[in-house]
Amino acid sequence: LTAIAPKPSSISPSTILRARRTTVSQTAPFSFVHEMIYHRATFILATAIVANALIPGNTHTTKDDRQVHKVHDADFQCTADEDCNLNGHCLEDSVCECFKGWKGDDCGELNLMPMPAKSTPAYGQYPDGDGNGLASWGGSIWKDPENDKRWHLFVSEMTQGCGLDSWLRNSRIVHATSDDAMGPYKFEKEIIGFFAHEPTVVKVDEGYVMYKIGCADGAITGSNGTGLVGPCTHCSNGTTFGDCPGTDQSYERACQDILFAPTLDGPWERQNMSLAKWNWTEANLGFESHAPVVLENGNILTFTRSWGSPAPLPNSAIWLATADSWNGSYHLVDSKLAAQPALNNGMEDTFMFRDAAGYLHALFHSWNNPYVGAHAFSRDGFNWTMADTAAFTLSTDVEGGSSITYVRRERPHLVLDDDLNPTHLLTAVTTDNGDLLDWSFTHVQAISQ
């Protein structure tokens, strides 16, 4: 949330970042997933479970689950699945055969469908003459397990009528529902008050876990020396007027907790995260910009980032972290097993996910604008490779042949179907609003299957 994007050129995502890939770590003594459970009494059983889950050869994607996109770039030829960004297979004729939801010569682009011509924000309301403007900034979508026509959105909403500039004080997390994954979503209830931000919900055996940042104490923690305690109030119609000083980074250490609920409808209860083994020198923010993957044996794999002061690196660096369960002890992965930081490309807003073939992927907001939709992939959780192609950009096509270019497009999350194919991309966006520069909303775009 620290970079404002300039408007992009008209370069296609398929031409972006054609430089040679850099694989972060080339060797590892054994699979990362094995390392996570090595000291558990159930080592042998869990290893077998995870191997079957994560080794692509043990899962099968049928021909119907793929789409062939013939090469249009005469200079591009694949020699391995990595050249297809692990979003497809490299065929004998050096053509990438893409999995559902992906397209392009190297299967690097999300196969996004044009937006409806009269679409509305998935969550948020454009400022109007009656002062009903409402700003939001991304979240997490789940389909109701009992009702295919009910969708749940957990989203960051700005209170007090403020816009995005107030996020470090006024953001709260709310629950909204819709009968369509695209929305619009209707407010149901507040989950946790300000300041709370970046909700990500994952499914676990017992129910659902929500990861977030912020203390939810009325924007008190982190206010020392800022000239303000509490939320900003000089706002209206989804817009912030004047300066809204943010809190400092002390809230990151003070409030590392998660929420648990047995169902998507709650009730949600806060639980402290165990960070006794956390390396605060390297990952100085604790958990921030994170979206974990839950493996079959209950282990957690996720990215977090370092940033600000004191930070170990000048960029927003991405670090690999793990725990043996969602309510276990979280720590960075040993640097003997995986490169740390895992990525150091100036990125934030991680969304890690596993696909139908068992590969691991992550989407990011990249500060290297206008190519905001960064993507990395891994076979084993150790070795992460940045894709050559942006998964999405600041622009979206609209039915009828037009397009929209957003000023900012961040907080990427995917909606995955029961087979782990991507069906929708959720992002947080701002538009060129004239005087209403910090009004923002949550955007959902369908992915072609």
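This section describes the largest pocket, two buried residues and one open sheet in a predicted model.

The largest pocket of the predicted model has a volume of about 1100 Å³, and its lining comprises 37 residues. Among these, W142, V202, K203, L416 and L420 lie nearest the centre of the pocket. By residue type, the lining divides into 21 nonpolar residues, with eight polar and eight charged residues making up the others. Several strands contribute to this lining, and at least two residues each are supplied by strand 6 (136-143), strand 10 (197-204), strand 16 (293-294), strand 20 (347-354) and strand 26 (408-416). The greatest contribution is that of strand 10, which gives five residues to the lining of the largest pocket.

Two residues were examined for their surroundings, one in a loop and one in a strand. L112 is located in the loop that runs between strand 5 (109-110) and strand 6, the latter being one of the strands that supply at least two residues to the lining of the largest pocket. L112 counts as buried because its relative accessibility, 19%, falls under the 20% cut-off. When neighbours within four places in sequence are set aside, L112 is in contact with F392, L425, Q445, A446 and I447. One of these partners, F392, stands 280 residues from L112 along the chain, yet the C-alpha atoms of the two residues are separated by 8.3 Å.

T302, by comparison, belongs to strand 17 (residues 300-306). With a relative accessibility of 0%, T302 likewise counts as buried, because this value is under 20%. Beyond its neighbours within four places in sequence, T302 is in contact with F287, H290, A291 and P292, as well as with W319, L320 and A321. A further contact of T302 is made with M352, a residue whose number falls in strand 20 (347-354).

Strand 20 also takes part in an open sheet, in which four strands are arranged in the order 20-21-22-23 with antiparallel pairing. The edges of this sheet are formed by strand 20 and strand 23 (385-386), each of which pairs on one side only. At the strand 23 edge, strand 22 (residues 373-378) and strand 23 pair in the antiparallel sense over two bridges, and T385 in strand 23 is the bridge partner of F377. Strand 20 is thus described in two settings, as an edge strand of the open sheet and as a supplier of at least two residues to the lining of the largest pocket.

Technical notes:
Residues are numbered from 1 along each chain as its sequence is written. This is a predicted model: local features need pLDDT of at least 70, side-chain atom pairs count only at pLDDT 80 or more; totals for chains, interfaces and linings use all residues. Side-chain values use heavy atoms; hydrogens and water are left out. On a 1 Å grid over the protein atoms alone, a cavity is a set of points where a 1.4 Å probe fits but cannot get out, and a pocket is an open set with protein on both sides within 12 Å along at least five of seven lines; lining residues have an atom within 4 Å of a point. Grid points are joined across faces, edges and corners, and a volume is the space filled by probe spheres set on the points. Ala, Val, Leu, Ile, Met, Phe, Trp, Tyr, Cys and Pro count as nonpolar, Asp, Glu, Lys and Arg as charged, and the others, Gly among them, as polar. Buried means under 20% relative accessible area, exposed over 50%, partly exposed in between (1.4 Å probe, protein chains only). Contact means heavy atoms within 4.5 Å. Two strands pair if DSSP finds at least two bridges between them.
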